[in-house]
Amino acid sequence: MDNVTAEQQYQGLLERLMFSFLTTVPCCIFFYINAIMLFTLRSKTVFCETSRYVLLFNLLFADTIQMVLSQVLYILAACLMRLTYPVCAFLNVIGAFTNTISPLTLVVMSLERYVAVCFPLRHAAVITTRNTGLAIFAILGFQFAKYFCSSWFGRFFRTEEPADERNLHSFNVFVGPLSDTYNKASTCLLFVSAGAAIIFSYIGVTVAAKSASTDKTTSQKARHTLLLHLVQLGLSLSSTLSTPVFIALSTLVMSIALFRAQNVLYVCFFILPRCLSALIYGIRDRTIRPVFLFHLCCRLTISILPAKGYK
């Protein structure tokens, strides 16, 4: 009996190590892509002084932090490592603080495109680097207020067990009846509001495109960008819904199959969406694309890139 138990524990350890490896490899690849994009957005003056690129940097930075933090917590949980309360609480607070930066940034980016198409004469005066910085600080302020309210409503603090395989990706350290209700309601309101803002911007751009004074090419690009923002919002929502989906699966499948399903959900719903933005913008945007591919290829000159201007 002892030999069977030891063999099962050994097989369980091997399985955890295998899944840790299989999730760490794509995470490292995605982290490299995001890091190259972040470096690209700080390598040229035009990127640092253009509002939409500043907002894109903020979006990718938050996604990268979330991706790295989630993978660190995943490895710690897979290795059955226990953390002290201050360390665990710090990691969870960082995760909670950066969790909804992406949808808020997408709202600001959508409104920027709306102003660019519907009010082109006022765009340069309204969408400035200073106002973009204020918008980013407002996003951070909203996050701080949300975090403060969650702490205030929480009747007590409790740390989720990092070693519990059923809670590998749970970032909520503010567990309390009122706090939990507040977090669910605020998250639901956030995504509904963000979706409404993006749809409103899309409708506004579509209506403006029918005007004779509107540049048809610019409006068409703006509509495609807004649709992309809506897809990004859906991907961000998928990572938020990964935990409820996992809890629903826990009532239907056995523990071993549940652990395997959790790994698939983790890669598809949490890791992959946080890399797609860098890939999409790096390939789609004509201004970013040559610089991004140049740095992505370790500054090797390839046929589709000119040799000059990127050294």
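The following exchange looks at how three helices of this structure are described.

Trainee: What kind of model is this, and how are residues numbered?
Mentor: This is a predicted model, in which local features need pLDDT of at least 70 and side-chain atom pairs count only at pLDDT 80 or more, while totals for chains, interfaces and linings use all residues. Residues are numbered from 1 along each chain as its sequence is written, and side-chain values use heavy atoms, with hydrogens and water left out.

Trainee: Why are α3 and α5 called roughly antiparallel?
Mentor: Helix α3 (residues 51–78) and helix α5 (residues 101–118) pack at an angle of about 165 degrees, with axes 9 Å apart; angles over 145 degrees count as roughly antiparallel, so the pair is described that way. Angles run from 0 to 180 degrees between N-to-C directions, and axes are lines fitted to C-alpha atoms.

Trainee: Which residues of α3 and α5 make the contact?
Mentor: With contact meaning heavy atoms within 4.5 Å, those of α3 include L55 and L59, and those of α5 include L106 and M109.

Trainee: What makes α12 largely enclosed by the rest of the structure?
Mentor: Buried means under 20% relative accessible area, with a 1.4 Å probe and protein chains only; six of the eight residues of helix α12 (residues 289–296) are buried, and therefore the helix is largely enclosed. The buried residues are P290, V291, F292, L293, F294 and H295.

Trainee: What phi does C298 take, just after α12?
Mentor: C298 takes a positive phi of about 60 degrees.

Note on methods:
Helices (H or I, at least four residues) and strands (E, at least two) are DSSP runs, numbered from the N terminus. Angles under 35 degrees count as roughly parallel, over 145 as roughly antiparallel, 65 to 115 as roughly perpendicular and the rest as oblique. Buried means under 20% relative accessible area, exposed over 50%, partly exposed in between (1.4 Å probe, protein chains only).
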